[in-house]
Amino acid sequence: MTHPTDSNVSLFERAKQVIPGGVNSPVRAFAAVGGTPRFVEHALGAYFWDTNGQQFTDYIGSWGPMILGHGHPEVIAEVQKAVLEGFSYGAPTEREVQLAEAILRIMPSMDMVRLVSSGTEAGMSALRLARGFTGRNKIIKFNGCYHGHADSLLVKAGSGLATFGASSSAGVPADVVKDTIVLEYNDIGQLEEAFAKLGGEIACVIMEPIAGNMNFVRASVDFTRRIRELTREHGALMIYDEVMTGFRVALGSAQSLYARQIAGFQPDITVMGKVIGGGMPMAAFGARREIMEKLSPLGPVYQAGTLSGNPIATACGLKTLELISQPGFHDALHARTGRLMAGLKQEADAAGLPFSVDHQGGLFGFFFLPELPTSYPQVMKTDGKVFNKFFHGMLDRGHYFAPALYEAGFVSSAHTDADVDKTVEAAREVFRTL
Ligand code: PMP
């Protein structure tokens with residue numbers, strides 16, 4: 001519980017004077033769940049400690065990057081070495097080539113990648129590339145999928161076909177989002193209608209393969225297959241935003257999982273972030289050669305960055321990719337995450353609560369709903385009050401889940417069965433209070 005002498009409270013008050021909302025990214029402010037955010041003092045392995053010295057088991061992991069847990073010694077050693085060699089040069093380095101090669105070895109859908117510094121930048125650049133490659137303007141995105149805060153992707157979901165975007169943020173001119181079409185996730189009928197009406201004008205469909213920004217919602221195999229068929233048929237590109245799923249749900253990312261079920265499946269452009277930087281600012285987008293060669297300096301699509309391919313971030317990312325490429329890494333992560341989900345489900349059932357769970361690799365979602373949702377409106381049927389009570393009950397007991405019901409959760413290889421079991425024990429107590 002927070003109290004006036006709590007240093008999180010005083011820090012939050014101070015922060016609010018100088019930083020809007022006291023935070024540098026909105027979800028950190030606990031706006032959805034209420035209460036005071038925990039200011040992190042340091043982190044190690046599966047835990048972090050706040051400025052009061054309270055320890056938390058961390059199920060956010062910086063929202064995805066910390067797949068090895070915090071402060072992995074081998075990663076730290078690489079970063080320390082890199083720091084001594086210089087922070088940033090604005091000139092190419094061998095490690096950028098090595099990181100590009102490492103990504104391409106893991107993901108056969110791409111022949112080339114470009115490194116950038118955030119998922120937002122990668123998504124925005126992928127979109128420009130798709131428009132530049134096809135010479136078309138219209139894009140399709142799905143309700144509940146987040147692709148960073150580029151203007152034309154910040155569009156409130158309108159349900160129904162061809163609901164042309166009304167921006168979900170002030171400061172985005174209507175003209176900028178007039179070419180963004182928002183459809184419901186997993187709705188094949190809407191998709192077919194959109195392509196029947198506008199097929200020749202659509203530059204791309206951008207999607208999260210497993211949506212981690214409306215908690216955890218899988219795209220069905222049929223939906224994914226239909227997107228692939230329709231984009232091919234109409235000369236549009238399919239952009240897979242794997243910023244969250246990439247290297248986390250499987251080594252080969254979500255595309256490797258769907259390729260097992262859809263023969264020959266590959267997206268045209270892949271957007272990556274989070275894990276490839278191992279906690280440093282690093283993201284990327286890639287595609288086959290004919291698409292990537294449209295990028296400056298080879299082609300007419302402009303894209304650039306002062307800190308792109310930063311030498312410290314590439315050192316961190318390379319070591320992270322090497323360590324997660326060890327055989328069995330993702331199977332073990334999937335099993336550990338599954339243990340957590342099965343435990344929560346069992347305890348929620350015992351407490352007589354409606355509850356559903358899903359997970360893949362080190363990404364998970366749980367819902368206070370009897371069935372797993374398949375779209376954003378279904379996710380939003382969750383009882384927010386029950387979720388918030390659960391969140392705070394767990395937080396008080398030292399278990400840090402995402403502070404909003406529409407966010408996914410993350411398990412790292414530093415979490416042990418014992419960590420997970422302690423969390424399940426705490427959940428047993430909390431479920432009984434709901
Ligand atoms: N795409 C997806 C799927 C994401 O989850 C996020 C961030 N959570 C982004 C893009 C944006 O990445 P960043 O916050 O690094 O700009």
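Phe48 of strand S2 has Phe56 as its bridge partner in strand S3. Strands here, like helices, are DSSP runs numbered from the N terminus, with at least two residues (E) for a strand and at least four (H or I) for a helix. The model is a predicted one, so local features need pLDDT of at least 70 and side-chain atom pairs count only at pLDDT 80 or more, while totals for chains, interfaces and linings use all residues. Residues are numbered from 1 along each chain as its sequence is written.

S2 and S3 (residues 55–58) run antiparallel and are joined by three bridges; two strands count as paired if DSSP finds at least two bridges between them. Together S2 and S3 make a hairpin with four residues in between, and Gly53 in that turn has a positive phi of about 85°. On its other partner, S2 (residues 47–50) meets S1 in the antiparallel sense over four bridges. His42 is matched with Trp49 of S2, and Leu44 with Tyr47 of S2. S2 also has two distinct faces: Phe48 and Asp50 sit on the covered one, Tyr47 and Trp49 on the uncovered one. In a regular strand, side chains alternate between the two faces of the sheet.

Zooming out, these strands belong to an open, four-stranded sheet with mixed pairing, in the order S1-S2-S3-S18. S1 (40–44) and S18 (399–400) are at the edges with a single partner strand each, so one side of each has no neighbour in the sheet.

S1 and S2 form a hairpin too, with two residues between them, and Gly45 in the turn takes a positive phi of about 60°. Gly45 has 19 other C-beta atoms within 10 Å and is therefore partly exposed. For this count, C-beta atoms are placed from the backbone: 20 or more others within 10 Å of a residue's own make it buried, 12 or fewer make it exposed, and anything in between is partly exposed. Apart from neighbours within four places in sequence, Gly45 is in contact with Gly69, His70, Gly71 and Ala414, where contact means that the C-beta atoms, placed from the backbone, lie within 7 Å. Arg14 is another matter: Gly45 and Arg14 are 31 residues apart in sequence and 29 Å apart in space, C-alpha to C-alpha.

Now for the helices. H2 (residues 73–84) has 12 residues and spans 17 Å from its first C-alpha to its last, close to the 16 Å expected at 1.5 Å a residue; the expected span is 1.5 Å times one less than the number of residues. Val75, Glu78 and Ala82 are buried in H2. Those buried residues fall within an arc of 65° seen down the axis, so they line one face of H2, the arc being that of the directions from the helix axis to the C-beta atoms. The face turned away from the buried side carries the exposed Pro73, Ala77, Gln80, Lys81, Val83 and Leu84. Just after H2 comes Gly86, with a positive phi of about 120°.

H3 (residues 94–106) has 13 residues and reaches 19 Å between its first and last C-alpha, close to the expected 18 Å. Its buried residues are Arg95, Leu99, Ala102 and Ile103. They cover an arc of only 95° around the axis, which puts them on the same side of H3. Glu94, Val97, Glu101 and Arg105 are exposed on the other side of H3. The cover over the buried residues of H3 includes strand S4 (112–116), strand S15 (283–287) and helix H10 (311–324). H10 is also part of what covers the buried residues of H2.

A ligand is surrounded by 16 residues, the closest being Ser118, Gly119, Thr120, Gly148 and Val243; a residue is near a molecule if its C-beta atom, placed from the backbone, lies within 6 Å of it. Helix H4 (residues 119–134) gives the most to this shell, with three residues.

A few backbone oddities round things off. Most residues other than glycine have a negative phi, and most peptide bonds are trans. Phe30, in the loop between helix H1 (7–18) and S1, has a positive phi near 65°, and with 21 C-beta neighbours inside 10 Å it counts as buried. Phe247 likewise has a positive phi, of about 65°, and is buried with 29 other C-beta atoms within 10 Å. Finally, a cis peptide bond, with omega about 10°, joins Ser296 and Pro297.

How values were computed
Contact = placed C-beta atoms within 7 Å.
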